[in-house]
Amino acid sequence: MGKQRLIDYVVLVGLNKTLKSFYHDDAQETVSPSQRRYMPEILARVPRTEHADAEFPQNVESFVVPRGVQLRRRDGLDELHSFTLTKLSGDKAYGFCYTRQHRVSADRLGMLGITIESWNAEQH
């Protein structure tokens, strides 16, 4: 009998704890705060261990947030997109990504090296 699951894995992807830049150089420092991008990270996943018949896709966070985590000036609409991961063997894994926008605290902005003044200076 084959697998009886509707979904193999559920992952929560977000801003990485080390605040690593999406860029590979120091270009991040010259970009305005609302244009900076950060590497995504898997923050949680269910189940935590792999299924014997369904390998957990490597680098799935790059498909969930392909352009990196970015701060936005205003609350945006939630988004949904799908993706397909194809292994060298030809096996495919299908995924859906639900992106939820939420407010960032002043403390978290400070951890990113962004001051409220620099953030507010961008307002048009």
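Select Leu15 to start. In this predicted model, Leu15 touches Tyr38, Met39, Leu43, Val69, Arg108 and Leu112, leaving aside residues up to four places away in sequence. Show those side chains together.

Now widen the selection to the core. Leu15 belongs to the largest nonpolar core, a set of 18 residues. Leu15 is among the residues with the most contacts inside this core, along with Tyr38, Val60, Val64, Phe83, Leu112 and Ile114. Color by element next. Strand S1 (10-15), helix H1 (60-64) and strand S5 (79-86) each give two or more residues to the core.

Zoom out for the whole chain. There are 3 helices and 6 strands. Traced from the N terminus, the order is β-β-β-α-β-β-β-α-α. The protein has 124 residues, and 28% of them count as buried. Turn on contacts with a sequence separation of 6 or more: 63% of them join residues 24 or more positions apart.

Next, go to the loop between strand S3 (40-46) and H1. Pro47 sits there. Select the peptide bond from Val46 to Pro47: this bond is cis, with omega near -10°. Stay in this loop and move along to Asn59, which also lies between S3 and H1. Check its backbone: Asn59 is not a glycine, yet its phi is positive, about 60°.

Switch to the surface. The protein exposes about 9,400 Å², and carbon and sulfur atoms supply 53% of that area. Which residues make a nonpolar surface patch of about 450 Å²? Select Leu6, Ile7, Val10 and Val46. Two of these have landmarks already on the tour or close to hand. Val46 is the residue whose peptide bond to Pro47 is cis. Ile7 is in the segment before S1.

Last stop: Arg100. Find this residue in the loop between strand S6 (92-99) and helix H2 (106-111). Is Arg100 buried or exposed? Its relative accessibility is 54%, and exposed means over 50%, so Arg100 counts as exposed. Now add Leu77 and draw a C-alpha to C-alpha distance. Arg100 and Leu77 are 7.7 Å apart in space, with their positions 23 residues apart in sequence counted as separation.

To finish, bring back Leu15 and its partner Arg108. Arg108 falls within H2, the helix that spans 106-111. Keep Leu112 in view as well: Leu112 touches Leu15 and is another of the core residues with the most contacts.

Notes:
Residues are numbered from 1 along each chain as its sequence is written. This is a predicted model: local features need pLDDT of at least 70, side-chain atom pairs count only at pLDDT 80 or more; totals for chains, interfaces and linings use all residues. Side-chain values use heavy atoms; hydrogens and water are left out. A nonpolar core is a set of buried Ala, Val, Leu, Ile, Met, Phe, Trp, Tyr and Cys residues joined through side-chain atoms within 4.5 Å. Buried means under 20% relative accessible area, exposed over 50%, partly exposed in between (1.4 Å probe, protein chains only). Helices (H or I, at least four residues) and strands (E, at least two) are DSSP runs, numbered from the N terminus. Contact means heavy atoms within 4.5 Å. Patches are made of residues with over 30% relative accessible area and no salt bridge: like charges are joined within 9 Å, nonpolar side chains (Val, Leu, Ile, Met, Phe, Trp, Tyr) within 5 Å. Accessible areas come from the Shrake-Rupley method with a 1.4 Å probe; for residues, only the protein chains shown count as cover. A salt bridge is a side-chain nitrogen of Lys or Arg within 4 Å of a carboxyl oxygen of Asp or Glu.
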